[in-house]
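Biologist: I'm new to this one, so could you walk me through it while I look along? I'll ask as I go.
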Amino acid sequence: MVTIKSPREIELLRIAGNVVYQTHQYIKPFIKPGITTKELDKLCEDFIRSKGCTPSFKGCEGFPNAVCMSVNDCIVHGYPSDYKLKEGDIITLDIGACYKGYHGDSGWTYAVGNISDDDKFLMEHTEKALYEGIKEAVAGNRVGDIGYAVEKYALEHNLGVVKEFVGHGVGTEVHEDPSVPNYGKKGTGLRLKEGMVIAIEPMLTFGSEEIEIDDNGLTAYTYDGSNAAHYEHTIAITNGEPIILTGEMNNG
Ligand code: MG
Ligand code: MG
């Protein structure tokens, strides 16, 4: 069921989204060669809890940790582990925080030290694809307009579009209706209305868009071993510009 959020609910979603934004800013300087993904996870969890929130993904579909840590060819749902980051890795931290029952959700890919030009290209254009999608997220447009814009931008840059994972509504559940795919046809799908809150989250690959799921049933890798990037914001639909609840503009 797609819900329209009241101004009071949007305010709670703003607070949750802001804590997610702050957690990304807090953890960024720690993302260096030598730190383990488990250590990063613990730092994020402690920070989220210090802000009066709980980590949205802990226990979500059996995920054991606070933050998804997806390194290199891992697309999403990587489990924090004893793996030590090394120079040249790229890592996506997908962070969710819940404040008084309302969630914020934002994933971001980071470079570990110096990375290859290919990875720079992949990251730059996956982030830009996210903003192409956000531009279309205005009342009166349809969900297909977002997917169309993301896919078009990705294909123009010869990047693979992962189809198995999609954006989603955000509210009292971290994953709600509607689904917001990173592909689609202009003018099709659900019509966007003021008060809807959705996460837009392109996952693009440097190679094939085929995926492989780990034995844990959750963690996804690219089938061909090429690297993947993932950028995500939770946004509120308005009749004008969307409000990026997990972004810098909501930092205050
Ligand atoms: Mg996420
Ligand atoms: Mg999400």
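Biologist: Let me start with a ring I clicked on: how exposed is Tyr79?

Modeller: Bearing in mind that this is a predicted model, Tyr79 is partly exposed, with a relative accessible area of 27%.

Biologist: And what does Tyr79 form an aromatic pair with?

Modeller: Its partner is Phe63, and the two rings meet edge-to-face, at 5.2 Å centre to centre and with 90° between the planes. Phe63 lies in the loop between β1 and β2, while Tyr79 lies in the loop between β3 and β4, so the pair ties together parts that are 16 residues apart in sequence. Phe63 itself is buried, with a relative accessible area of 4%.

Biologist: Where else do I find an edge-to-face pair, and which parts does it link?

Modeller: Trp108 and Tyr231 form an edge-to-face pair, 4.8 Å centre to centre and with 85° between the planes. That pair links distant parts of the chain, since Trp108 is in strand β5 (residues 102–111) and Tyr231 is in the loop between β13 and β14, 123 residues apart. Both Trp108 and Tyr231 are buried.

Biologist: How many aromatic pairs does a search of the whole structure find?

Modeller: The search finds 4 aromatic pairs, and ring pairs also link Tyr26, Phe30 and Phe47 into a cluster.

Biologist: Phe47 sits in a helix, I think. Which residues of α2 are buried?

Modeller: In α2, the buried residues are Thr37, Leu40, Asp41, Cys44, Glu45, Phe47 and Ile48. They cover an arc of only 165° around the axis, which means that they lie on the same side of α2. What covers these buried residues includes α1 (7–27), β1 (54–55), β2 (68–71) and β4 (90–99).

Biologist: How far does α2 reach, and what comes just after it?

Modeller: Helix α2 (residues 37–50) has 14 residues and reaches 20 Å from its first C-alpha to its last, which is close to the 20 Å expected at 1.5 Å a residue. Just after α2, Gly52 takes a positive phi of about 80°.

Biologist: Which residues have a positive phi although they are not glycine?

Modeller: His77 is one of them, with a positive phi of about 60°, and Asn158 is another, at about 55°. His77 is in the loop between β3 (74–76) and β4 and is partly exposed, with a relative accessible area of 23%. Asn158 is in the loop between α4 (143–156) and β6 (160–161), and Asn158 is exposed, with a relative accessible area of 67%.

Biologist: Changing topic, which protein donors does the magnesium ion (ligand 2) have?

Modeller: The protein donors are Asp105 (OD), His168 (NE2), Glu201 (OE) and Glu232 (OE), which lie 2.0 to 2.2 Å from the ion. Along the chain, the donors follow the spacing D-x62-H-x32-E-x30-E. Asp105 also bridges this ion and the magnesium ion (ligand 1), and the two ions lie 3.1 Å apart.

Biologist: Are His168 and Glu232 buried or exposed?

Modeller: His168 is buried, with a relative accessible area of 5%, and Glu232 is buried too, at 0%.

Biologist: Last thing: how many disulfides are there, and where is the cysteine sulfur nearest to that of Cys98?

Modeller: The count comes to 0 disulfides. For Cys98, the nearest cysteine sulfur is that of Cys53, 7.2 Å away, and Cys98 is buried, with a relative accessible area of 14%.

How values were computed: Residues numbered from 1 in each chain as written. Chains lettered and ligands numbered in written order. Predicted model: local features only at pLDDT ≥ 70, side-chain atom pairs only at ≥ 80, totals over all residues. Heavy atoms only, no water. Donors = N, O, S within 2.8 Å, 3.2 Å for Na, K, Ca; no water. Buried < 20%, exposed > 50% of the residue type's maximum accessible area, 1.4 Å probe, protein only. Helix = DSSP H or I, 4+ residues; strand = E, 2+ residues; numbered from the N terminus. Expected span 1.5 Å × (residues − 1). Arc of directions from axis to C-beta. Contact = heavy atoms within 4.5 Å. Disulfide = S-S within 2.5 Å. Phe/Tyr/Trp six-rings, centres within 6.5 Å; stacked < 30°, edge-to-face > 60°.
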